Amino acid sequence: MSGTTRRTHRCGELRAEHVGQLVKLGGWVHRRRDLGGIVFIDLRDRAGIVQVAVGPDAPEEVRRSASGLTGESVVEVFGKVVARPADMKNPELATGDIEVHATKLVKVGSAVTPEIPVARAKSEELPAEELRLKYRHLDLRRPEMQANLILRHRLLQRARKTLSDLEFLEIETPILTKPTPEGARDYLVPSRVHPGECYALPQSPQIYKQLLMVSGFDRYFQLARCFRDEDLRYDRQPEFTQIDLEASFVGAEDVQGFVEAVLTALWDEAGHAVERPFRRITWQESMERYGTDKPDLRYEGLAIVDWTAQVESLGVPFFAAHKDGARVRGLAVKGGGALSRKDVDQLAETAKQFGGAGLAWVKRQGDQLSGSVAKHFSLEALGRLGVGDGDAALMTVGPDRVTSPVLDKVRQELIRRLAPPPARPHAFCWVVDFPLFESEPGTGRPVFAHHPFTAPHPEDVAKLDREPLACRALHYDAVYNGHELGSGSIRITEPALQRTVFRHLGLSPQETEARFGFLLTALAAGAPPHGGFAVGFDRVAMLLAGAGSLRDVIAFPKTTAARALFEGAPAPARPEDLAALHIQVTA
């Protein structure tokens with residue numbers, strides 16, 4: 001209920017059924033229009049805008065107060081809800097059928113001229129993001145931002161209810177933790193009472209949720225705050241929220257079922273119907289067909305194809321110059337004949353920017369072929385690539401580690417430029433059977449592809465010592481329209497196997513004991529089979545709000561330089577505070 005001793009309704013709640021009622025309102029002056037004999041005030045709060053009218057029959061003090069109001073001042077209004085005349089209704093406002101005739105108006109919060117505008121037409125550009133982040137209290141007054149954060153609240157509560165209904169227990173885990181390697185840098189917190197020692201802010205609750213499974217809690221979840229000191233992008237923040245869960249006596253399909261229940265509930269909360277179960281594809285298939293482990297399956301018809309055998313006899317110099325395991329792979333682009341030469345040149349430049357050799361291309365219009373390698377192709381040869389009239393073939397050559405990311409970027413650009421209609425608006429999938437290890441650039445030694453607590457595929461355990469890079473992991477990612485929503489895995493529960501994995505990561509027995517001895521001790525006490533998942537909640541909120549950045553769904557975000565402009569953080573510490581923490585700044 002919005003009613004308090006100082007207001008009966010929120011502004012945006014009033015409707016035709018309230019006509020005749022006396023109401024108390026409180027809000028911000030969105031706009032004021034003085035038409036001489038009458039003043040109209042658009043009064044705004046989080047529920048929306050209502051028009052307040054101060055006419056010639058209003059008390060003198062009300063008319064005087066209304067005439068002096070400035071934008072963004074806070075006022076309280078007492079008055080009567082009146083139906084607007086038919087020709088004065090505003091269909092663009094939910095409250096457009098009514099207005100409030102004020103009999104009392106009090107300014108309770110004066111406002112200086114705002115540094116950035118809050119009221120704006122939809123056609124007007126927003127102020128620069130740096131200004132909006134600096135004056136975040138004003139930016140958050142925008143109806144769009146308030147709608148985003150209200151949606152975020154609803155999504156959080158829906159996630160809680162869904163997991164609670166599935167008998168998961170919400171349990172908080174520590175924020176001050178022990179530093180552990182998880183693929184990104186920790187934020188360290190020096191201890192005042194233990195000189196020279198530090199806590200770390202958690203990159204995830206990973207070890208704690210495994211300990212909860214060992215402790216017998218069976219199903220855990222948490223709306224967890226996590227921290228990573230890494231370089232930022234538009235979809236990354238140094239502190240973020242994830243829907244974290246773990247369950248015992250489960251297989252990968254069970255965990256995926258729990259996650260599907262949460263995701264379909266969140267999409268339903270935002271007004272979208274989603275079918276389950278989600279499609280499952282292997283990591284190998286995803287890389288082969290889409291060049292990425294987060295494929296956008298809305299456009300399945302545009303898939304990467306291996307054309308090595310089909311072009312081998314054509315004698316194309318561009319292809320012949322690359323040997324030693326290189327393959328010719330490409331995209332048969334339906335409607336690609338519409339691409340201009342400028343388009344193709346820009347796509348070729350994109351391929352080079354991502355480390356490729358460039359693009360060879362052929363377009364067909366009727367019986368005419370054009371393109372950089374058109375002279376080597378006949379209609380029949382082009383047909384063997386699946387390229388018909390009005391289509392195009394874009395090709396590159398090289399080892400898969402090069403051509404996969406190149407063709408992924410080219411595919412994304414083709415979708416953006418040609419805007420083909422998607423086969424379906426919501427394309428979820430599970431990517432499974434990831435590699436357990438990756439080859440470290442430069443050294444070639446195996447490094448963990450995800451985190452070191454992921455169990456190897458049972459069929460590949462025997463390969464751990466002799467072929468670690470051939471081992472698959474019981475790891476799975478949830479992907480939506482080309483966005484990774486989160487990751488999870490079945491965990492290692494045998495201490496000996498966990499020690500083997502740590503050894504492959506280059507940790508000595510002493511380092512293993514120092515960093516993870518408490519986990520190994522817990523596993524040795526009897527660990528049930530368990531697995532879990534973490535949904536990147538900020539990203540989910542961004543996608544469901546249709547926002548362009550994570551910063552648009554977080555109340556007080558950091559910039560891409562990890563700065564909080566509204567409060568000026570981070571800031572230099574006082575010398576006496578550093579001394580209390582036994583810290584000396586040398587640079």
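These legends go with close-up views of a predicted model.

**View 1. The largest nonpolar core, with helix α6 as its main contributor.** This core takes in 40 residues. If you want to find its best-connected members, look for I243, L263, L266, W267 and F533, which have the most contacts inside it. Helix α6, spanning residues 252-269, puts in eight residues, and no other element gives more. A grouping like this fits a general habit: in soluble globular proteins, nonpolar side chains tend to be buried together.

**View 2. Another nonpolar core, lying apart from the largest one.** Here 22 residues come together. Among them are V50, V54, V81 and A102.

**View 3. Strand β3 and its hairpin partner β2.** Strand β2 covers residues 39-45, and β3 covers residues 48-54. The two make a hairpin, with just two residues between them. They run antiparallel and are joined by seven bridges. To pick out one of the pairings, start at L43 and step across to V50 of β3, its bridge partner. V50 also turns up in the 22-residue core.

**View 4. Strand β3 alongside β5.** How many of the seven residues of β3 are buried? Six are, so the strand is largely enclosed by the rest of the structure. Strand β5, residues 98-109, pairs with β3 in the parallel sense, over two bridges. A53 has H101 of β5 as its bridge partner.

**View 5. Helix α13 and what its buried residues pack against.** In this helix, residues 495-504, the buried set is P495, Q498, T500, V501, F502 and H504. Those residues pack against two strands, β18 (437-439) and β19 (446-448), and against helix α14 (509-524). Just after α13 ends, have a look at G506: its phi is positive, at about 90°.

**View 6. Helices α13 and α14 crossing.** The two axes come within 10 Å and cross at roughly 160°. Angles over 145 degrees count as roughly antiparallel, and α13 and α14 are therefore roughly antiparallel to each other. The crossing of α13 past α14 is right-handed. On the α13 side, the contact is made by P495, Q498, R499 and F502. From α14 come T512, E513, F516, L520, L523 and A524. P495, Q498 and F502 also belong to the buried set of α13.

Note on methods:
Residues are numbered from 1 along each chain as its sequence is written. This is a predicted model: local features need pLDDT of at least 70, side-chain atom pairs count only at pLDDT 80 or more; totals for chains, interfaces and linings use all residues. Side-chain values use heavy atoms; hydrogens and water are left out. A nonpolar core is a set of buried Ala, Val, Leu, Ile, Met, Phe, Trp, Tyr and Cys residues joined through side-chain atoms within 4.5 Å. Buried means under 20% relative accessible area, exposed over 50%, partly exposed in between (1.4 Å probe, protein chains only). Helices (H or I, at least four residues) and strands (E, at least two) are DSSP runs, numbered from the N terminus. Contact means heavy atoms within 4.5 Å. Two strands pair if DSSP finds at least two bridges between them. Axes are lines fitted to C-alpha atoms, for helices over the stretch in contact, and angles run from 0 to 180 degrees between N-to-C directions. Angles under 35 degrees count as roughly parallel, over 145 as roughly antiparallel, 65 to 115 as roughly perpendicular and the rest as oblique. A crossing is left-handed if the near helix is turned anticlockwise from the far one by less than a right angle, and right-handed if clockwise.
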